[in-house]
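Student: I have a structure open and would like to work through it by question and answer.

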Amino acid sequence: MDNGIKIQRELVVNWHITEACNYHCNYCFAKWDKQKNELMNDEDSVSKLMDEIQKLPSILNGKYLTEFESIRLNLVGGETFLNIRKVTRIIHQAKQRKFSLSAITNGSRLNNELVTLIANDFNSIGFSVDSLDSPTNIKIGRTEKSGVMDTDKVLKDISLIKELNPSIDIKINTVVSSLNQTEDLSAFIDQAAPNKWKVFKVLP
């Protein structure tokens, strides 16, 4: 029965734009350390990749009889927003091609400029939060020279993003390991009020 509701069939493309990160989480797989050769460093290569991504719905629909109508480009790392200038260039090219945008971040590099950019141009933003306890975050590797991960700042940034764009989807990613398995994150989750809380388990 046709109820008049049109389902948007969206193809999600995950692009690990960088393996560089300011944190050193001991379970992270992105440790190839080849940032000099990353595609995001070359504007022409970025443009060519975007053109290829734009072709994917018609290729997949023709070959596999899928019904993709749009593309969401999901930017992940490393730390996605480590190089703001290059990421901004990618975002601009994606918007030119009418891609919707999402990203995963540890939140450490977010400032007023980035918060506004995310609120204006992104459909979804995910934050990686494993612990609210500073000593635990240090053991995990969520620390840098300027200090340990600040989860209070993450909450403030989420609140501001929601204020600027109430319709944006918020996601929290949590990796459970022997270091944080007994920790209660419910107060943080209640305050962040994400649309999705994705929980991962560390495996040997």
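Student: What volume does the largest pocket have?
Tutor: Keep in mind that this is a predicted model. Rolling a probe the size of a water molecule over the atoms shows where empty space is left. For the largest pocket, the volume comes to about 1,200 Å³.

Student: Which residues lie nearest the centre of the largest pocket?
Tutor: The lining of this pocket is made up of 43 residues. Strands that give two or more residues to the lining include β2 (70-76), β3 (100-105) and β7 (169-176). Nearest the centre lie Val 76, Gly 77, Ile 104, Ser 128 and Asn 173.

Student: How many residues of the lining of the largest pocket are charged?
Tutor: The lining divides into three groups. Nonpolar residues number 15 and polar ones 16. The charged residues number twelve.

Student: Is Val 129 buried or exposed?
Tutor: Val 129 sits in the loop between β4 (124-128) and α4 (134-140). Among the residues it touches are Met 149, Ile 172, Asn 173 and Phe 188. Its relative accessibility is 0%, and because buried means under 20%, Val 129 counts as buried.

Student: How far apart in space are Val 129 and Leu 185, C-alpha to C-alpha?
Tutor: In sequence, 56 residues separate Val 129 and Leu 185. Even so, Val 129 touches Leu 185. Their C-alpha to C-alpha distance is 9.3 Å.

Student: Which helix gives the largest share of the largest nonpolar core?
Tutor: In soluble globular proteins, nonpolar side chains tend to be buried together. Here the largest nonpolar core has 43 residues, and Leu 75 and Phe 127 are among those with the most contacts inside it. The largest share, five residues, comes from helix α3.

Notes:
Residues numbered from 1 in each chain as written. Predicted model: local features only at pLDDT ≥ 70, side-chain atom pairs only at ≥ 80, totals over all residues. Heavy atoms only, no water. Helix = DSSP H or I, 4+ residues; strand = E, 2+ residues; numbered from the N terminus. Buried < 20%, exposed > 50% of the residue type's maximum accessible area, 1.4 Å probe, protein only. Contact = heavy atoms within 4.5 Å. Core = buried A, V, L, I, M, F, W, Y, C linked by side-chain atoms within 4.5 Å. 1 Å grid on protein atoms, 1.4 Å probe; cavity = no way out; pocket = protein on both sides within 12 Å on 5 of 7 lines; lining within 4 Å. Points joined across faces, edges and corners; volume = space filled by probe spheres on them. Nonpolar A, V, L, I, M, F, W, Y, C, P; charged D, E, K, R; others polar. Lists of a residue's contacts leave out its neighbours within four places in sequence.
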